[in-house]
Amino acid sequence: MFTFIRSLFSHDLLFELSENKLSIKAFSSDLSYENEPYIAIENTKKGEVIKAIGKEAKSLSGSNIRVLNPFKHNRSFVADFMCAEKILQHGMYTLHKSKIKPSPRVIVHQLEKTDGGLTDIEERVLRELALGAGAREVVIYLGSKINTNIEDFDKVKSRVSAT
């Protein structure tokens with residue numbers, strides 16, 4: 001019931017992920033969020049606290065602050081699942097700007113390290129990232145870039161299901 005109500009206040013979204021840029025776009029709208037996928041985490045007496053995300057995080061430094069890019073790893077695309085999930089959550093909430101927690105349908109498009117397709121594990125990681133960020137439905141997409149002004153969620157979903 002709550003998911004249905006939250007879905008009324010949500011846009012269908014496209015997550016385009018790469019090592020250097022995170023892009024979240026709403027279908028049939030000019031709403032978009034772009035940032036560098038960096039997160040700064042500070043070690044405090046109470047535990048780890050997120051200090052900044054994006055370009056601001058990249059410029060932070062300190063003995064008790066670590067800055068990392070969770071989408072940068074030499075063997076796989078996602079190096080740190082929890083930090084990647086927090087970055088996606090931040091982008092989604094920034095885009096929606098609503099007091100009601102959004103529950104969008106999401107298409108995840110990994111732009112790098114897709115030679116030969118994705119393994120089941122890689123697909124599951126992407127799906128779990130989007131679900132953890134708050135998505136109610138997730139489609140994993142591989143292929144050319146999607147124009148969110150022309151296409152919609154259902155068209156892309158039917159194209160993915162046909163393959």
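## Close-up views of a predicted model

K157 belongs to helix α5, which spans residues 153–162. Please keep in mind through all the views that this is a predicted model.

**View 1. K157 in helix α5.** In this view we stay with K157, a residue of helix α5. Is K157 buried, exposed or partly exposed? Its relative accessible area is 31%, so K157 is partly exposed. Apart from residues up to four places away in sequence, K157 touches E137 and V139. For a sense of distance, look for I65: the C-alpha atoms of K157 and I65 are separated by 40 Å, and their positions lie 92 residues apart along the chain.

**View 2. Helices α3 and α4 packed together.** Here are two helices, α3 with residues 81–96 and α4 with residues 120–133. Their axes are 8 Å apart, and the angle between the helices is about 50 degrees. Angles under 35 degrees count as roughly parallel and those from 65 to 115 as roughly perpendicular; α3 and α4 are therefore oblique to each other. The crossing of α3 past α4 is right-handed. Which residues make the contact? On the α3 side they are F81, A84, E85, L88, Q89, M92 and Y93, and on the α4 side V125, E128, L129, G132 and A133. Sorted by class, this contact has eight nonpolar residues, two polar ones and two charged ones.

**View 3. F71 and its neighbours.** F71 sits in the loop that links β6 (65–68) to α3. With a relative accessible area of 1%, F71 is buried. Which residues does F71 touch, once those up to four places away in sequence are set aside? They are L17, S18, E19, P37, F77, V78, A84 and L129. Two of these names may look familiar from the helix view, where A84 of α3 and L129 of α4 take part in the contact. K21 is another residue to find here: its C-alpha atom is separated from that of F71 by 9.4 Å, with the two residues 50 apart along the chain.

**View 4. S18 in the loop between β1 and β2.** Now we turn to S18, found in the loop between β1 (13–17) and β2 (22–26). S18 has a relative accessibility of 10% and so counts as buried. Where does the side chain of S18 reach? It comes to the backbone oxygen of K21, at 3.0 Å. Neighbours within four places in sequence aside, S18 is in contact with P37, F71, F77, L111 and E112. F71, the residue of the previous view, likewise touches P37 and F77.

**View 5. S23 in strand β2.** The serine in this view, S23, is part of strand β2. S23 is buried, its relative accessible area being 1%. Beyond its neighbours within four places in sequence, S23 is in contact with L14, F15, E16, Y33 and E34. P37 serves as a landmark: from C-alpha to C-alpha, S23 and P37 are 9.4 Å apart in space, while in sequence they are 14 residues apart.

**View 6. T148 meets S28.** T148 lies in the loop between β8 (137–141) and α5, and S28 in the loop between β2 and β3 (32–35). Which of the two is buried and which is exposed? T148, at 7% relative accessibility, counts as buried, whereas S28, at 61%, counts as exposed. Outside its neighbours within four places in sequence, T148 is in contact with L14, K25, A26, F27 and S28. Have a look at the backbone of S28 too: its phi is positive, about 55 degrees, although S28 is not a glycine.

**View 7. K113 and its positive phi.** K113 is a residue of the loop between β7 (105–110) and α4. What is the sign of phi at K113? Phi is positive, at about 55 degrees, although K113 is not a glycine. With 34% relative accessibility, K113 counts as partly exposed.

**View 8. I50 in strand β5.** Our last stop is I50, placed in strand β5, which covers residues 47–53. I50 counts as partly exposed, with a relative accessibility of 40%. Not counting residues up to four places away in sequence, I50 touches I39, A40 and K86. To place I50 within the wider model, find E151: I50 and E151 are 35 Å apart in space, C-alpha to C-alpha, and 101 residues apart in sequence.

How values were computed
Residues are numbered from 1 along each chain as its sequence is written. This is a predicted model: local features need pLDDT of at least 70, side-chain atom pairs count only at pLDDT 80 or more; totals for chains, interfaces and linings use all residues. Side-chain values use heavy atoms; hydrogens and water are left out. Axes are lines fitted to C-alpha atoms, for helices over the stretch in contact, and angles run from 0 to 180 degrees between N-to-C directions. Helices (H or I, at least four residues) and strands (E, at least two) are DSSP runs, numbered from the N terminus. Angles under 35 degrees count as roughly parallel, over 145 as roughly antiparallel, 65 to 115 as roughly perpendicular and the rest as oblique. A crossing is left-handed if the near helix is turned anticlockwise from the far one by less than a right angle, and right-handed if clockwise. Contact means heavy atoms within 4.5 Å. Ala, Val, Leu, Ile, Met, Phe, Trp, Tyr, Cys and Pro count as nonpolar, Asp, Glu, Lys and Arg as charged, and the others, Gly among them, as polar. Buried means under 20% relative accessible area, exposed over 50%, partly exposed in between (1.4 Å probe, protein chains only). A polar contact is a pair of N or O atoms within 3.5 Å; within protein, one must be able to donate a hydrogen and the other to accept it, and residues adjacent in sequence count only if both atoms are side-chain atoms.
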